[in-house]
Amino acid sequence: MSSTFTPATGLLAQLSMLRIEVAGPVVHIRLNRPDKRNALSTEFVKQLQTAFVNLPEGARAAVISGEGAHFCAGLDLSEVTEQTVSEGVFHSRMWHAVFDQIQFGPVPVVAVLHGAVVGGGLELAATVHLRVAEQSTFYGLPEGQRGIFVGGSGSARIPRLMGVSRMSDMMLTGRVFDAAEGQAAGLSNYLVEDGQGLAKAVELATRIASNAPLSNYAITQALPRIAEMAPAEGLFVESLMSAIAQGDEAAKQRVRDFLAKRAGKVGKAS
Ligand code: 1HE
């Protein structure tokens, strides 16, 4: 992949726990707390929010990855012990707001997974739109063993990828899924060799960024909502979304291009 990434400027350059780089329409947000295995402290989660609220102008897709040997070790456990019950509720709600910002933000997000994708790290991975896992990836939900519960939207998002039964197994027994098991269970979309995840994610993000922006918006905003609706309501919303996307000049041009044989055909390798 020949994309040349350069460091983001302004506010995004000031986020000490993230390293953010930009290559044309693709922004790469790297979790950058490797000494703590990218454990998500409150400050860390807030920096993620700041990043996703302030994506560079012109960003059309994002990649998120983890510095060091692991994607993310989940919640920073050193912050849990002193929390009161009400602080715990507000803390969880803060994660929900930030992760909603990521899922329902302006651009599709692709995660590169490697090493530990654990607890809140798996919740973060489940929030984005596509996951590329390297062979070193392992998935765990040690909340049961730690005496806590998921609080970063995992109970809503992870079962939608792998089902309640598999998630219950991981939480009740501490079962860890390796990369191949995670791929088979639906936790990743792509499984690649170690060291290949970022290139694959950038390739996907670049392809995504070349879609009509309104199509991408419909896919990230309308599709998950329609999937939660009763079919009659969902189909009504689908008809509106489809007409809106189709009515956009970008769509009309793409269809004209296909009919004039200027656009690619559908094929396995494309
Ligand atoms: C941490 C954390 C953390 C590492 N919070 N500090 N998550 C967990 O239960 C996962 C706990 N972590 C681990 O099982 C392991 O650290 C790993 C498998 C991820 C990595 O192992 P390893 O051998 O590479 O690293 P390490 O030696 O265990 O950790 C290096 C340092 O990171 C060490 O600190 P140090 O000061 O002694 O160097 C660890 O204490 C620190 N560290 N993980 C705090 N999670 C919104 S609700 C979500 C609920 C959850 O996420 S529960 C799951 C929490």
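How do the residues of the shell around the ligand divide into nonpolar, polar and charged? In this predicted model, the shell consists of 9 nonpolar, 6 polar and 7 charged residues. In total, 22 residues surround the ligand, and the closest are K36, A73, L75, G120 and R146. Several elements of secondary structure contribute to this shell, with at least two residues supplied by each of β6 (116-118), α3 (120-127) and α4 (143-146).

Polar contacts to oxygen atoms of the ligand involve both backbone and side-chain atoms of the protein. A backbone N or O atom of G120, which is also listed among the closest residues, lies 2.7 Å from an oxygen atom of the ligand, and a polar backbone atom of D35 is found at 3.4 Å from a ligand oxygen. For R37, by contrast, the contact is made through the side chain, a polar atom of which lies 2.9 Å from an oxygen atom of the ligand. Of the 1000 Å² of accessible area that the ligand has on its own, 66% is covered by the protein.

A second feature concerns the packing of two helices, α10 (residues 231-247) and α11 (residues 249-259), whose axes come within 5 Å and cross at roughly 70 degrees. Because angles of 65 to 115 degrees count as roughly perpendicular, α10 is roughly perpendicular to α11. The contact is formed by A245, Q246 and G247 on the side of α10, and by E249, A251 and K252 on the side of α11. These residues divide into 2 nonpolar, 2 polar and 2 charged.

Key
Residues are numbered from 1 along each chain as its sequence is written. This is a predicted model: local features need pLDDT of at least 70, side-chain atom pairs count only at pLDDT 80 or more; totals for chains, interfaces and linings use all residues. Side-chain values use heavy atoms; hydrogens and water are left out. A residue is near a molecule or strand if one of its heavy atoms lies within 4 Å of it. A polar contact is a pair of N or O atoms within 3.5 Å; within protein, one must be able to donate a hydrogen and the other to accept it, and residues adjacent in sequence count only if both atoms are side-chain atoms. Accessible areas come from the Shrake-Rupley method with a 1.4 Å probe; for residues, only the protein chains shown count as cover. Helices (H or I, at least four residues) and strands (E, at least two) are DSSP runs, numbered from the N terminus. Ala, Val, Leu, Ile, Met, Phe, Trp, Tyr, Cys and Pro count as nonpolar, Asp, Glu, Lys and Arg as charged, and the others, Gly among them, as polar. Axes are lines fitted to C-alpha atoms, for helices over the stretch in contact, and angles run from 0 to 180 degrees between N-to-C directions. Angles under 35 degrees count as roughly parallel, over 145 as roughly antiparallel, 65 to 115 as roughly perpendicular and the rest as oblique. Contact means heavy atoms within 4.5 Å.
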